Amino acid sequence: MVRRVVITGLGLVSPLGAGVEISWKRLLEGQSGAGPITAFDTTDYACTVACEIPMVDGRGGGGPDIEGSFDPSKVLSNKERRKVDDFILYAIAAADEALDDANWHPESDDDQFRTGVMIGSGIGGLGIIADTALELKEKGPKRISPFFIPSSLINLASGQVSIRHGLKGPNHAVVTACATGAHAIGDAARLIKSGDADVMVAGGAESAIVPIGIAGFIACRALCTAFNDEPTKASRPYDKDRDGFVMGEGAGVVVLEEYEHAKARGAKIYAEVLGYGLSGDAYHITAPSEDGDGGYRAMIAAAKNAGIDPATIDYVNSHGTSTMADGIELKAIEKFLGERAATGTVSSTKSAIGHLLGGAGAVEAIFCALAIRDQVAPPTINLDNPAYETTIDLVPHKAKPMKIDTVMSNSFGFGGTNAALILGKVD
Amino acid sequence: MSEVLERVRKIVIDHLDADPDKVTDKASFIDDLEADSLDIVELVMAFEEEFDIEIPDDSAEHILTVGDAVNYIQEKLAA
């Protein structure tokens with residue numbers, strides 16, 4: 001018998017706020033999570049904007065009285081917090097929310113053995129690695145913290161979440177740059193399908209708004225540098241004036257569950273993971289091929305895996321990073337949707353939350369699940385003057401209420417790695 | 001209370017998020033203050049920095065309580 005996989009819990013720490021509902025509400029309202037970088041002094045940096053998480057201490061546009069501000073002390077004690085980089089902190093917070101939302105807190109051996117974790121990150125503990133390298137140079141090898149390695153390793157997000165919740169099934173981590181979150185959900189769903197687990201806590205996390213992260217992506221010529229004075233306008237996928245992506249941070253985590261398992265315990269079901277497709281460009285380390293072939297083949301593979309006609313896909317959450325690659329992806333989507341391109345709906349939520357790199361695919365899959373729940377496509381904000389002629393509705397500025405049974409989320413990463421997830425409504 | 005004890009207590013409270021009342025002379029890092037082996041490595045490094053001394057690994061292995069740390073540091077400073 002074919003095992004079906006459904007999403008039964010969602011957790012988010014995003015630039016629009018800590019928590020799924022506050023982030024989704026602000027996304028639908030067309031709010032932007034961007035602002036001037038508050039994490040460090042940006043003098044001499046060509047890019048000074050990012051989508052930071054609003055923090056209770058005032059960073060990232062948050063504050064003690066501002067709704068949705070993230071309070072790390074509610075997640076970890078000071079002692080534990082020193083042992084994790086921020087990407088792990090965000091992953092833990094998102095996983096807590098997702099498991100609470102799913103009402104899944106396994107206690108028996110069997111339930112614990114059948115629940116796994118697969119949370120990835122694009123870069124991992126970049127900030128701690130950079131700081132520790134400086135300490136090594138200044139003070140020598142004897143002053144390196146025993147927590148340096150376990151605080152920065154990418155798979156320690158999965159490790160920490162498993163320890164915290166007693167999840168003893170498969171423990172794994174994906175590292176595929178900006179496709180990480182989508183690959184993690186897709187691969188975790190396959191582990192359930194193949195019978196390795198009944199429940200998987202899956203997603204992606206990133207915390208690269210640190211000096212070396214921003215400087216590194218500036219050097220790749222990937223970041224937006226033209227809107228330092230107007231941060232909320234900086235991320236503008238498909239717009240004529242877009243000039244690079246805006247870095248985001250945070251984590252998205254879902255609880256995936258075998259359908260009968262979820263039904264038997266009366267779990268709330270957001271959507272089914274219908275299909276998952278992967279491909280490689282074999283073209284360039286940072287750029288997609290001009291014909292968008294890699295992305296196209298990932299979408300086709302996902303549709304084939306789902307056993308559906310691409311024309312039945314109601315809404316596509318695109319990779320759409322606000323770079324020159326937007327057009328390449330759009331053409332590939334048009335080709336993929338075929339006749340449906342005439343009435344297709346595609347938006348990029350990176351316009352509001354920036355690019356969460358390894359977290360992006362997971363956060364966007366969560367938005368797709370919510371689009372099915374609430375029957376509304378989130379908007380592409382800042383799309384004032386479309387750079388492309390297309391029959392597809394790119395959902396400029398305002399959310400679009402519509403019938404949504406089937407959605408697809410695209411994620412493409414440096415190195416030419418592509419993933420597409422297709423989610424469907426469960427009646 | 002000795003000055004060394006006070007400085008040691010401050011480091012322990014800070015690093016382990018420990019309840020100050022529990023950080024007594026006899027308190028065991030692992031049994032009473034919820035430290036693990038890596039916490040102790042970090043604590044020993046903090047003692048080295050605070051008192052500008054070196055604590056070799058084979059000596060660190062015998063530092064199990066707050067009192068052990070204070071005694072070791074006092075001996076080292078007196079030497």
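So, where is B:S28 found in chain B? That's my way into this one, and a reminder before I go on: what we have here is a predicted model.

B:S28 sits in the loop between α1 (3-16) and α2 (37-51) of chain B. And is B:S28 buried or exposed? Buried: its relative accessible area comes out at 13%, and the cut-off for calling a residue buried is under 20%. If you skip the neighbours within four places in sequence, B:S28 is in contact with B:L33, B:L64 and B:T65.

OK, over to chain A. The UniProt record, an unreviewed entry, annotates residues 2-425 of chain A as "domain: Ketosynthase family 3 (KS3)". Over that stretch the chain is 33% helix and 18% strand, with the end C-alpha atoms 18 Å apart.

The residue I want to show you there is A:E206, in strand β7, which covers residues 199-206. Now, A:E206 is buried, yet has no salt bridge. The nearest side chain of opposite charge is A:K350, and that's 12 Å away.

So what does the side chain of A:E206 reach? One partner is the backbone nitrogen of A:I123, at 3.0 Å. The backbone nitrogen of A:G122 is another, lying 2.8 Å from a polar atom of the A:E206 side chain.

Both of those residues turn up in the contact list for A:E206 too. Leaving out residues up to four places away in sequence, that list also includes A:S121 and A:G124, the aromatics A:F87 and A:Y90, another glutamate, A:E249, and the run A:L356, A:L357, A:G358 and A:G359.

How values were computed:
Residues numbered from 1 in each chain as written. Chains lettered and ligands numbered in written order. Predicted model: local features only at pLDDT ≥ 70, side-chain atom pairs only at ≥ 80, totals over all residues. Heavy atoms only, no water. UniProt positions renumbered as here; feature names shortened; annotations may be inferred. Helix = DSSP H or I, 4+ residues; strand = E, 2+ residues; numbered from the N terminus. Buried < 20%, exposed > 50% of the residue type's maximum accessible area, 1.4 Å probe, protein only. Contact = heavy atoms within 4.5 Å. Lys, Arg positive; Asp, Glu negative; His and termini not counted. Salt bridge = Lys/Arg side-chain N within 4 Å of Asp/Glu carboxyl O. Polar contact = N/O pair within 3.5 Å; in protein donor to acceptor, adjacent residues only side chain to side chain.
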